[in-house]
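Open the viewer and get ready to select residues by number. We will make a few stops, from the whole chain down to single side chains.

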Amino acid sequence: MITAADLYHVFTAVVPLYVAMTLAYGSVRWWRIFTPDQCSGINRFVALFAVPLLSFHFISSNDPYAMNLRFLAADTLQKLAVLALLGLWCRLRRGSLDWLITLFSLSTLPNTLVMGIPLLRGMYGAASAGTLMVQIVVLQCIIWYTLMLFLFEYRGAKMLVLEQFPDTAADIVSFRVDSDVVSLAGGGGADLQAEAEVGEDGRMRVTVRKSTSSRSEAACSHSHSHSQSMQPRVSNLSGVEIYSLQSSRNPTPRGSSFNHAEFFNIVGKGGDEEKGSAGAGTGGHSPQPLPQALAAKRKDLHMFVWSSSASPVSERAAGAAVHVFGGGADDVLAKGGAQAYDEYGRGGGDDLSFRNKNGRAANGDGPTLSKLGSNSTAQLHPKDDSEGRAAAMPPASVMTRLILIMVWRKLIRNPNTYSSLIGVVWSLVSYRWGIEMPAIIARSISILSDAGLGMAMFSLGLFMALQPRIIACGNSLAAYAMAVRFLVGPAVMAAASLAVGLRGVLLHIAIVQAALPQGIVPFVFAKEYNVHPNILSTAVIFGMLIALPITLVYYILLGL
């Protein structure tokens with residue numbers, strides 16, 4: 001039976017996190033203490049130092065020789081079961097690959113590091129729940145986030161091949177990717193181009209590189225930012241990295257297209273849109289005009305979002321062409337669909353269509369538009385051929401090698417990759433031979449890792465304050481996402497736990513852990529690859545607000 005003292009321990013562990021988040025929110029929305037550039041600097045500190053060192057602290061202090069294998073088996077079984085069911089749905093019902101990725105993220109990847117460890121420690125004690133949560137974090141960082149990367153890069157590779165080689169993809173025998181291409185996000189759109197060389201044997205060898213327009217824009221952006229280095233600059237919310245999966249190669253802080261007038265109008269102190277677009281605002285200085293081409297391409301970047309900015313498209317993901325890729329090999333890139341949605345992606349937010357719909361255009365022989373319930377605007381469904389055959393793809397070994405190359409390039413740019421792997425290696429060595437970390441190193445890490453939880457929640461509060469809407473994807477989609485996050489995920493975890501024989505407190509911990517708010521790393525991926533980022537944004541923000549009462553309900557019911 002749960003007592004008042006038990007609830008007090010839970011609030012003692014969790015309320016300080018919400019205090020940090022509220023202070024950050026008020027610092028931007030109410031008191032306007034931080035400018036967008038300052039928010040960007042705070043978030044980059046969290047991404048590059050605080051969170052990686054926090055991960056290292058927890059992982060290195062976990063005994064890998066005393067891990068609860070049955071508990072980990074239940075967690076693994078839950079994720080594999082959800083992935084298998086979604087894969088079956090995609091195959092039998094022509095479901096979208098985008099929705100497979102999004103629903104897998106919503107149902108199986110909670111915010112265990114920042115929210116789960118303190119919450120479960122307060123509920124069930126540090127000796128049991130705290131250790132188990134650290135073990136879950138190890139699997140998330142090493143296995144499940146890498147799997148998510150693989151799925152996103154598979155989606156990008158498929159888009160690239162089908163767009164640029166719709167009829168000859170089966171003849172491709174190799175891919176070579178230029179070293180400055182770190183992601184296939186955006187597929188074969190305006191940011192990447194593929195050049196094929198046909199050999200004497202009739203086989204194609206493809207080289208993937210940044211497109212000429214992408215290189216020109218990058219050079220123009222660099223030149224522009226350099227020319228303004230001695231002037232006050234506007235901030236760039238698309239460059240903010242919270243829990244980012246790679247470090248940026250650009251100087252910090254970076255110039256951007258953020259409109260101060262529009263920002264202060266949102267928080268209650270701005271002028272009208274005409275003043276904002278002209279660069280007149282209350283942010284303390286007038287923004288310098290960007291080159292016309294860059295301004296046009298970035299006009300939809302209204303507010304800051306977390307993204308991994310070393311990607312060739314991460315800072316332009318909200319540009320004129322929005323990419324959505326549905327299931328089926330005959331899907332193509334959708335461009336210019338912004339007419340279907342308003343500026344914040346609400347127009348189709350209530351559309352709960354999760355599978356591909358075959359349609360016909362007015363003339364009967366063209367592609368048709370089908371709205372998709374994400375912040376992406378539309379999806380093109382070309383008509384099937386007379387036999388309904390899928391387009392041919394390169395051999396599986398060729399595609400796998402391409403995807404592995406891109407996943408590797410992403411991982412080596414991710415500070416959390418190094419912190420997780422070094423933490424695992426150190427824990428294996430220290431617990432095997434009883435070696436203690438030198439006090440100087442341990443104390444240096446402790447200073448930053450101790451601040452990691454508070455800084456992580458502070459960054460989340462900054463992100464919430466800089467969003468135009470808490471619910472960015474529409475009420476119906478938000479309700480569906482919350483149901484998947486807080487009902488479907490725990491239900492599947494309960495079934496998986498019972499299947500492997502978990503009972504008692506371990507079963508309770510597994511269920512409550514599955515009911516935690518949405519993890520932040522999946523949102524970073526979703527934003528960078530433009531796969532339903534509004535849904536994941538809503539799951540992160542709104543989910544964090546309602547997570548505490550929901551987890552308390554689970555805690556009380558399971559304790560009866």
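This tour moves from an overview to one helix, then a helix pair, then the nonpolar cores.

**Stop 1: the whole chain**

Keep in mind that this is a predicted model. Show the protein chain as a cartoon. You should find 18 helices and five strands. Of the 560 residues in the chain, 54% are buried. Now switch on the surface. The accessible surface is about 22900 Å². Carbon and sulfur atoms hold 61% of that area. Contacts also link distant parts of the sequence: among contacts with a separation of 6 or more, 80% join residues 24 or more positions apart.

**Stop 2: helix α17**

Select residues 520-529, which form helix α17. Are its residues buried or exposed? Ten of the ten are buried, so the helix is largely enclosed by the rest of the structure. Show the side chains. Phe 523, Phe 525 and Tyr 529 are among the buried residues. Lys 527 and Glu 528 are on that list too.

What covers them? The cover includes α4, α6, α11 (396-411), α14 (452-465) and α18. Colour each of these helices separately. Then step just past the end of α17 to Asn 530, which has a positive phi, near 55°.

**Stop 3: helices α4 and α18**

Two of those covering helices also meet each other. Select α4 (residues 97-108) and α18 (residues 533-558). Their axes come within 11 Å and cross at roughly 5°. An angle under 35 degrees counts as roughly parallel, so α4 is roughly parallel to α18.

Which residues make the contact? On α4, pick Trp 99, Thr 102, Ser 105 and Leu 106. On α18, pick Ile 535, Leu 536 and Ala 539. Colour them by type: five are nonpolar, two are polar and none is charged.

**Stop 4: the nonpolar cores**

Go next to Leu 120 and Phe 175. In the largest nonpolar core, with 112 residues, these two touch the most other members. Helix α6 (residues 126-164) supplies the largest share of this core, 16 residues.

Zoom in on Phe 175. Leaving aside residues up to four places away in sequence, Phe 175 touches Val 161, Val 206, Val 208, Pro 394, Val 398, Met 399, Arg 401 and Leu 402.

Finish at another core, which lies apart from the largest one and has eight residues. Select Ala 24, Ile 42, Phe 458 and Leu 462, which are among its members.

Key: Residues numbered from 1 in each chain as written. Predicted model: local features only at pLDDT ≥ 70, side-chain atom pairs only at ≥ 80, totals over all residues. Heavy atoms only, no water. Core = buried A, V, L, I, M, F, W, Y, C linked by side-chain atoms within 4.5 Å. Buried < 20%, exposed > 50% of the residue type's maximum accessible area, 1.4 Å probe, protein only. Helix = DSSP H or I, 4+ residues; strand = E, 2+ residues; numbered from the N terminus. Contact = heavy atoms within 4.5 Å. Axes fitted to C-alpha atoms, helices over the stretch in contact; angles between N-to-C directions. Parallel < 35°, antiparallel > 145°, perpendicular 65-115°, else oblique. Nonpolar A, V, L, I, M, F, W, Y, C, P; charged D, E, K, R; others polar. Areas by Shrake-Rupley, 256 points an atom, 1.4 Å probe, with all protein chains shown as cover.
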